[in-house]
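Visitor: I'd like a close look at how helices pack against each other in this one. Could you walk me through the contacts, and then show me what else is worth a look around them?

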Amino acid sequence: MNPGASGYSLGRRRWWLLLLLLPVMTGCWGRQEVNDIGIVTATAVDRSDNGDIVVMLLFAIPRLVGTSSMTGGGGESKMSTTAGWVVTAGGETVMDAFRNIQAKLPRTIYFSHNRVLLLGERLAREGIAPVLDVFQRNRQSQLNSFVLVAEHPEDILRFKPTFEKLSSEIIEEEIVRGVGTNVRLVEFLAMLHAEGQEAFAPVVELTKSTEKKNGSNLRATTKTAAFRGDRLVGLLGDEATRGLVWLRNEVRDGVITIQVPESRGGGKISAEIKSGSTRFRPSVRDGRVRIRIETEATLDIAENASKMEIERHLGTVESYFERDLEERLRALCDKVQRNLHTDIVGFGQSLYRNDPKRWRGEYAERWDETFPNVRADISVSVQVLNTGLVGKRVDIWEEER
């Protein structure tokens, strides 16, 4: 074998490899410079008085997002008032409104950093399916964006938070750290198309602030918007929302406070939730659908503002927590079955998963009529793992001396 020919062949292969890599080494294809794009951090969609679609976009101002310039005298920073810019436009469709917003901007709208999608309450009551279509098709859409409902979405986008730079950041923090529901766009779309499951989303609203005169706070965990099909049919309050979190098996943490009966000395006991789980066991008896709800929770006692000695009456205290949680779940079931008539808890989906053939043959087409009559049998089991380092309250010690 000729060594020179072998070396020539190897060298030729290297040249061909280098030629193949040249197009890749020339730069990033389709690159967009920061100076050429307007970065959207939150999107809101609503219906105007004349029936048009209204789109509101919250843009981040990159030169101010990471900086702060305090005004004299310890006033508000310039960042807190100008780090975000809200641009609004109407149109016959969402894309038409997007185009009208683009006409107002010197930069290209860029959605890849969108964190929040707000649905206006007026639009939600009329139907959101046509509006959501564009967010499913757009390749820049962030399917992990949080979906929320707001009565006045533009006010939410223009809110100036104290600790964060943009209202989209405070909404995200509220949802992630809160004890209420949180729904991402991909989950919301899945619920809209799921068998035996209606959609829901948290409600974000402005509440009065006690710290500053005429001030307000932004809250995203107190209520839940319940849908039937693609239309908003009602709102769940704080207690019902917490019950929904339990039934949806989405409990992360939180506090449960119970009232001790006056016959046992009265007062309240609070406990931190360490873990919680819920299972549905569907069945059909005598032609009636039944759902057995089995909920389990483990708690740590955080505060004893009653006269009960928890260590001596641990079983009784656990039964009080069980009764409180059962009442909460019962109230939620009554609300969605008797008042709203929408299966956001997923009873139908549990029946579908348990017996798909029976579901499609007997219940799929008439679940709206069947759901209000489903019997929910609730079973709750609570275990207190830790009662704390203190056995008795200080005032009880004083009484016993």
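Guide: Here is a walk through two helix contacts, followed by a cavity and an aromatic pair. Keep in mind that this is a predicted model.

Let's start with helix H10 (residues 238-247) and helix H11 (residues 314-340), whose axes sit 8 Å apart and cross at about 100°. Angles of 65 to 115 degrees count as roughly perpendicular, so that is the label for H10 and H11. On the H10 side, the residues in contact are Glu239, Ala240, Arg242, Gly243, Leu244, Trp246 and Leu247. H11 answers with Leu325, Arg328, Leu329, Leu332 and Cys333. Sort the residues of this contact by class and you get eight nonpolar, one polar and three charged.

Now slide along to the next pair, helix H12 (residues 347-354) and helix H13 (residues 356-363). Their axes are 5 Å apart, and the packing angle is about 125°. That value falls outside the perpendicular range and isn't over 145 either, so H12 is oblique to H13. Who touches whom? From H12 come Gly348, Leu351, Tyr352, Arg353 and Asn354, and they meet Pro356, Trp359, Arg360 and Tyr363 of H13. The class split for this contact is five nonpolar, two polar and two charged residues.

Next, the empty space. The model has two cavities of 30 Å³ or more, and the one to zoom in on is the second largest, with a volume of about 40 Å³. Its lining is made up of Glu198, Arg228, His341, Thr342, Asp343, Trp367, Asp368 and Phe371. By class, that lining has four charged residues, two polar and two nonpolar.

Last stop, the rings. There are nine aromatic pairs in the structure. Take phenylalanine 59 and tryptophan 85: the ring centres are 6.2 Å apart and the planes make an angle of 40°, so you'd call this pair tilted. Phenylalanine 59 belongs to strand E2 (residues 53-60), while tryptophan 85 belongs to strand E3 (residues 84-91), so the pair ties together parts that are 26 residues apart in sequence.

Key
Residues numbered from 1 in each chain as written. Predicted model: local features only at pLDDT ≥ 70, side-chain atom pairs only at ≥ 80, totals over all residues. Heavy atoms only, no water. Axes fitted to C-alpha atoms, helices over the stretch in contact; angles between N-to-C directions. Helix = DSSP H or I, 4+ residues; strand = E, 2+ residues; numbered from the N terminus. Parallel < 35°, antiparallel > 145°, perpendicular 65-115°, else oblique. Contact = heavy atoms within 4.5 Å. Nonpolar A, V, L, I, M, F, W, Y, C, P; charged D, E, K, R; others polar. 1 Å grid on protein atoms, 1.4 Å probe; cavity = no way out; pocket = protein on both sides within 12 Å on 5 of 7 lines; lining within 4 Å. Points joined across faces, edges and corners; volume = space filled by probe spheres on them. Phe/Tyr/Trp six-rings, centres within 6.5 Å; stacked < 30°, edge-to-face > 60°.
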